[in-house]
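Colleague: Could you take me closely through the barrel of this model, and then through what surrounds it, so that I can follow it on the screen?

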Amino acid sequence: MNAPVRISSGPLERRRSIPVNVGGVTVGGDAPIVVQSMTNTDTADIAGTIAQVAALAAAGSELVRITVDRDEAAAAVPKIRDGLALRGVNVPLVGDFHYIGHKLLADHPACAEALAKYRINPGNVGYKAKRDTQFASIIEMAMRYDKPVRIGVNWGSLDQELLTQLMDENSRSDAPISAAAVLREAMVVSGISSARRAEELGLGADKILISAKVSDVQQLIAVYRDLAARCEYALHLGLTEAGMGSKGIVASSAALGILLQEGIGDTIRISLTPEPGGDRTKEVTVAQELLQTMGFRAFLPVVSACPGCGRTTSTVFQELAQDIQGFIGTKMPEWSQAYPGVETMKVAVMGCIVNGPGESKHADIGISLPGTGETPTAPVFIDGEKTQTLRGPAIASDFKAIVEDYVVRRYGESGVR
C-alpha cells in the first residue's frame, strides 16, 4: 500500500535564527525575509554605481552588495554612500571582499565605516599561515566599526586544505560517503567553523550570517538543510551562477522555494545573469515575486489572469490584463505611501465565462470578459459581489477608475483594513 500523501497547509515553522542588524535592516529572528541584490558596475565608477544602487533600491532591494576589490573601489565606497544619501537613498551597502579584504579595510577606514556589512569568503580570505591572521584582521575591523559579517562559502572557491582533509578522512572510513556528501560537509564545516572562530575573536553571534552557495539545485537544498540543522546563525540563501532568463529564474525558484517552505532562510538573492544591456533589477523583481507567490511577504497587488484557450481567441483580455498590471505598477509609488496595505490587494482579469466569474469573486476586485465572438460585456466583482457590468470600447479605462476608487475606499484612512 502506498504511504499517505501529506498535504501541507502552509510553510513549516520558521527556523529559529539569531537576528542581525544590517544598517537598520533586521535579518533573521522574526523579521520578514529580506530581499537583496548586487551591482555589476565597477565600484570605482562612482556615478555608475550610485545609479545602479539607486535603481536596485527603487525596485525593492533592501540590501545592496558592491564589489570592493582594489584601492580605487575602496576609496569610492564613502563617496557612493554620500551620493546615494543626496538622492534620498539610504539602502545599506554590503562590501564584497576577496583575497585582500583585510588590507583594503585597514588602508581605507572610511570604506570600513561606510559599509553596513562585510562579506568574506573563508576559501580565499588567506592561505596557509596567513589565513588565521588575515581572517582575524577582518573580524577586528568589524568589531571596531560595529559591523556584521557574512561568512560566504562557495563551492567554486572552497577551502582546498579542508576539502582534502575531509576527503582523506572519508577514504579511510569504514563507511565512506559519496564525494558529493563530503563536498557538502566541507562547505558546512567551513562556514560554521569560521563563524565560531569569529566568535572566539570577540564578534557576537548577532553579527554573523552564513551562506553556502552552489549552482546545483539538489546540492544547494541538501547543504542548507545540513547547515540549518547545525547552527542558529542567520542564513543568506542563493543559488550561485543560476544562469540567464527562464533557466535562472526556474532554478533559483525551485531551490529557494523548497528551503523557504521548510522554514530555512532569512535573506535571499536571485543571482541572474542579465542579458547584454539587460536590467539588473530583474533579480529583485524575481525575489519579490517568489516571496509573494509563496505567501511570505507582499510587495505589489497580485493580478491574476487566465492563460487563455480556444474560448479566448480574442486578445482583449490579454491587453486588459497587461494594461491593468502596468497601471498598478505605475500607481504603486503613490499608493504605497498614501494607502498602507494596498500591496495585499488581489485583482483578477479573466478571459471567459467558464472560470472568470468565480475567480473574480475570489479576488478583492475582478473583471470577467465573455470570451470569443461576443461583444465585450464585462461584469465587475468587488469583495465577492457583482457590482456592475462594463461595455464598449472604454472597458479598460472604466475598470482602472473602479480599481483606483476601490483603493481609496478600502485602504484610505476611513477604509476597511
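Modeller: Eight strands form a closed barrel in this predicted model, and their order around it is 3-4-5-6-7-8-9-11, with parallel pairing. Strands of a sheet pair through backbone hydrogen bonds, and that pairing may be either parallel or antiparallel. One of the pairings to look at joins strand 9 to strand 11 (residues 267-268), which run in the parallel sense and share two bridges. Here Leu-237 is the residue that stands opposite Ile-268 in strand 11.

Ile-268 also leads into the packing, for it belongs to the largest nonpolar core, a set of 80 residues, and is listed there with Phe-97, Tyr-118, Ile-210, Tyr-224, Leu-227 and Leu-256 as the residues that touch the most other members. Helix 7 (residues 179-200) supplies the largest share of this core, with eight residues. Another core lies apart from it and holds 32 residues, including Phe-317, Ile-367, Val-380 and Phe-399.

Tyr-224 repays a closer look, since its contacts lead back to strand 9. Leaving aside residues up to four places away in sequence, Tyr-224 touches Leu-235, His-236, Leu-237 and Gly-238, and its other contacts are Ser-211, Ala-212, Lys-213, Leu-259 and Ile-264. Leu-237 is thus both a contact of Tyr-224 and the residue opposite Ile-268.

Phe-97, another of the residues that touch the most other core members, has a place beside empty space as well. A search of the whole structure finds one cavity of 30 Å³ or more, and the space within the largest cavity is about 30 Å³. Its lining is made up of Phe-97, His-98, Tyr-99, Gly-101, Ile-120, Asn-121, Asn-124, Val-125 and Ile-138. By type, five of the lining residues are nonpolar and four are polar, while none is charged.

Returning to strand 9 (234-237), the loop between this strand and strand 10 (243-244) contains Glu-241. Most residues other than glycine have a negative phi. Glu-241, however, has a positive phi of about 50° although it is not a glycine. With a relative accessible area of 52%, Glu-241 is exposed, because the cut-off for that class is over 50%.

Asp-383 invites a comparison, as its phi is likewise positive, near 50°, in a residue other than glycine. Asp-383 lies in the loop between strand 16 (377-382) and strand 17 (385-391). Its relative accessibility is 48%, and Asp-383 therefore counts as partly exposed.

Definitions and conventions. Residues numbered from 1 in each chain as written. Predicted model: local features only at pLDDT ≥ 70, side-chain atom pairs only at ≥ 80, totals over all residues. Heavy atoms only, no water. Helix = DSSP H or I, 4+ residues; strand = E, 2+ residues; numbered from the N terminus. Buried < 20%, exposed > 50% of the residue type's maximum accessible area, 1.4 Å probe, protein only. 1 Å grid on protein atoms, 1.4 Å probe; cavity = no way out; pocket = protein on both sides within 12 Å on 5 of 7 lines; lining within 4 Å. Points joined across faces, edges and corners; volume = space filled by probe spheres on them. Nonpolar A, V, L, I, M, F, W, Y, C, P; charged D, E, K, R; others polar. Core = buried A, V, L, I, M, F, W, Y, C linked by side-chain atoms within 4.5 Å. Contact = heavy atoms within 4.5 Å. Pairing = 2+ DSSP bridges.
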